[in-house]
Amino acid sequence: MAKAFKATRRGIIGTLDPGERQLLRKLFEDIIELLEPAEPANADPLAAMVGVDSVAVTPSDSAVRRLLPDAVRHDDDEALEFRRLTERSLREDKIGTLRGSALLLESSPLTLTAEQARMLARALNDVRLVLADRLKIESDEDAARLHDIDDVADADDVETYLALVYNFTSWLQESLVQAMFGLKDK
């Protein structure tokens with residue numbers, strides 16, 4: 001069973017059991033799959049190097065739109081232009097963070113530097129965004145409705161299982177962030 005992250009002189013330490021590490025790796029893989037660009041990189045070497053696409057479209061999957069929201073509101077043309085200029089590099093950054101975080105899960109217990117902790121916190125945040133979308137969490141009330149779901153024995157449908165996973169990743173991220181604050185005091 002997972003133990004909350006703690007700030008120590010050696011770094012931030014946390015313990016996950018093998019099943020929890022496997023679950024997180026699978027979640028990271030699923031989000032990587034969501035984020036993989038449908039189109040290959042631009043044929044222009046300079047454009048490919050800086051991550052600029054020749055065209056952009058708003059993602060059809062609502063979870064991907066949560067991960068990659070429009071940067072410009074109320075102007076679809078400007079939003080698409082900004083997406084064209086930034087989305088590929090943002091996708092690649094998120095994919096790198098998720099892959100790096102999956103590698104961190106190979107050690108037990110987890111002993112993280114401040115930089116590794118920030119990376120894992122970002123990956124957990126992306127997991128929570130996707131789960132929140134799938135669970136239709138739009139408000140604090142929606143989140144509160146799921147907050148008390150904490151017993152695996154109650155997981156008799158997909159929504160309850162997703163709520164358990166959402167609550168676990170939320171707790172894990174919260175303990176990690178608290179430990180990051182504690183590391184500053186060490």
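# Close-up legends

**View 1. Arg99 is partly exposed, with a relative accessible area of 45%.** On this scale, buried means under 20% relative accessible area and exposed over 50%, with partly exposed in between (1.4 Å probe, protein chains only). Glu36 is partly exposed too, at 36%. The two side chains meet in a salt bridge, 3.2 Å from N to O. This pair ties together distant parts of the chain: Arg99 sits in helix H4 (residues 76-104) and Glu36 in the loop between H1 and helix H2 (45-50), 63 residues apart. For the labels, helices (H or I, at least four residues) and strands (E, at least two) are DSSP runs, numbered from the N terminus. A salt bridge here takes a side-chain nitrogen of Lys or Arg within 4 Å of a carboxyl oxygen of Asp or Glu, and the count by that rule comes to 11.

A quick note before the other views: this is a predicted model, so local features need pLDDT of at least 70 and side-chain atom pairs count only at pLDDT 80 or more, while totals for chains, interfaces and linings use all residues. Residues are numbered from 1 along each chain as its sequence is written, and side-chain values use heavy atoms, with hydrogens and water left out.

**View 2. Asp61 and Arg134 join side chains in a salt bridge, at 3.0 Å from N to O.** Here again distant parts of the chain are linked, with Asp61 in the loop between H2 and helix H3 (62-67), Arg134 in helix H5, and the two positions 73 residues apart. Asp61 is partly exposed, with a relative accessible area of 24%, and Arg134 is partly exposed as well, at 37%.

**View 3. Asp126 and Lys94 form a salt bridge at 2.9 Å, N to O.** Helix H5 supplies Asp126 and helix H4 supplies Lys94, so this pair also links distant parts of the chain, 32 residues apart. Are the two partners buried or exposed? Both Asp126 and Lys94 are buried. Elsewhere, salt bridges that share partners join Asp61, Arg66, Asp133, Arg134 and Glu138 into one network.

**View 4. Arg21 is buried yet has no salt bridge.** Side chains of opposite charge can pair when their charged atoms come close. The nearest side chain of opposite charge to Arg21 is Asp17, 6.5 Å away; in this bookkeeping Lys and Arg count as positive and Asp and Glu as negative, while His and the chain ends are not counted. What does the side chain of Arg21 make a polar contact with? The partner is the side chain of Ser108, at 3.3 Å. A polar contact is a pair of N or O atoms within 3.5 Å; within protein, one must be able to donate a hydrogen and the other to accept it, and residues adjacent in sequence count only if both atoms are side-chain atoms. Arg21 lies in helix H1 (residues 18-35). Leaving aside neighbours within four places in sequence, Arg21 is in contact (heavy atoms within 4.5 Å) with Leu16, Leu105, Ser107 and Ser108.

**View 5. Leu124, in helix H5 (residues 114-134), is the centre of this view.** Leu124 counts as buried because its relative accessibility is 0%. Not counting residues up to four places away in sequence, Leu124 touches Leu24, Phe28, Leu172, Gln173 and Leu176. From Leu124 to Phe28 is 8.4 Å, C-alpha to C-alpha, across 96 residues of sequence.

**View 6. Ala2 lies in the segment before strand S1 (3-8).** With a relative accessibility of 12%, Ala2 counts as buried. Its contacts, not counting residues up to four places away in sequence, are Thr15, Leu16, Glu20, Phe168 and Trp171. The C-alpha atoms of Ala2 and Phe168 are separated by 9.3 Å, although the two residues are 166 apart along the chain.

**View 7. The wider chain has seven helices and three strands.** Along the sequence, the pattern runs β-β-α-α-α-α-β-α-α-α. Of the 186 residues, 38% count as buried. Among contacts between residues at least 6 apart in sequence, 71% join residues at least 24 apart.
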